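Reader: Could you walk me through the aromatic rings in this one? I'd like a close look at how they sit together, and a word on the cysteines too.

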Amino acid sequence: MHRSLRAPHGLRVYFDSMLITPRLILRPWTQADLPALEASLGDADVMQFSDDGPLGLDARQDWLAAVLRDASNETRAIERRKDGACVGYLSLKRDPERLGADALELGIRLARCAWGAGLAQEACLHALDEARDGSEAKQVQACVDPNNTRSLALMSALGMTRVGEIMLP
């Protein structure tokens with residue numbers, strides 16, 4: 001069971017360009033980012049609340065290939081400016097069948113080395129601000145496991161409110 005949360009924002013669908021924050025760069029993915037995915041998608045602690053669990057190398061390669069093929073540009077690599085390390089991803093995605101035509105889903109995943117420094121909130125706030133103008137989307141939602149206290153705290157800090165619980169297949 002996951003909690004569905006809604007943010008008070010209207011959003012554009014896609015990231016138009018690279019987004020630079022004080023400590024991060026949200027940018028398109030490259031094939032060179034594959035090794036960095038081990039620290040996020042391949043880590044059992046990071047993937048604790050994922051239905052798939054940690055992804056092996058083949059699954060990480062498939063994930064990156066799918067992101068690179070996606071012309072919508074909805075998923076961005078999160079790069080730490082101080083050292084150039086790719087520490088995770090942020091996505092704002094449409095899923096009209098599940099969320100409706102006027103909503104986007106916010107997703108974020110950071111490697112453990114990036115936890116506890118406020119980077120997730122920084123990335124989300126800047127992405128939401130960037131996406132707000134000129135949107136046909138009227139809301140953003142996030143599906144969060146009710147036991148994932150870190151993500152629930154982040155969503156609360158972003159001004160999102162709980163709107164219900166849904167069962168995901």
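**The aromatic cluster**

Author: Let's start with Tyr89, which counts as buried because its relative accessibility is 12%, below the 20% cut-off. Keep in mind that this is a predicted model. Tyr89 belongs to a little group: together with Trp29 and Trp63 it forms one aromatic cluster. The count of aromatic pairs comes to two.

Take Trp29 and Trp63 to begin with. Their ring centres are 5.3 Å apart and the planes meet at 85°, so this pair is edge-to-face; the angle has to be over 60 degrees for that label. The two residues come from distant parts of the chain, 34 residues apart: Trp29 is in the loop between strand 3 (24-27) and helix 1 (57-69), while Trp63 is in helix 1 itself. Trp29 is buried as well, with a relative accessible area of 7%.

Now go from Trp63 to Tyr89. Here the ring centres are 5.1 Å apart with the planes at 45°, so the pair is tilted. This pair also links distant parts of the chain, since Trp63 is in helix 1 and Tyr89 in strand 5 (residues 86-94), with their positions 26 residues apart. Trp63 is thus a member of both pairs, the one with Trp29 and the one with Tyr89.

As for the cysteines, the disulfide count is zero. Look at Cys86: the closest cysteine sulfur is in Cys113, 9.7 Å away, which is too far for a bond, as a disulfide needs the sulfurs within 2.5 Å. Cys86 is buried, with a relative accessible area of 12%.

Methods. Residues numbered from 1 in each chain as written. Predicted model: local features only at pLDDT ≥ 70, side-chain atom pairs only at ≥ 80, totals over all residues. Heavy atoms only, no water. Buried < 20%, exposed > 50% of the residue type's maximum accessible area, 1.4 Å probe, protein only. Phe/Tyr/Trp six-rings, centres within 6.5 Å; stacked < 30°, edge-to-face > 60°. Helix = DSSP H or I, 4+ residues; strand = E, 2+ residues; numbered from the N terminus.
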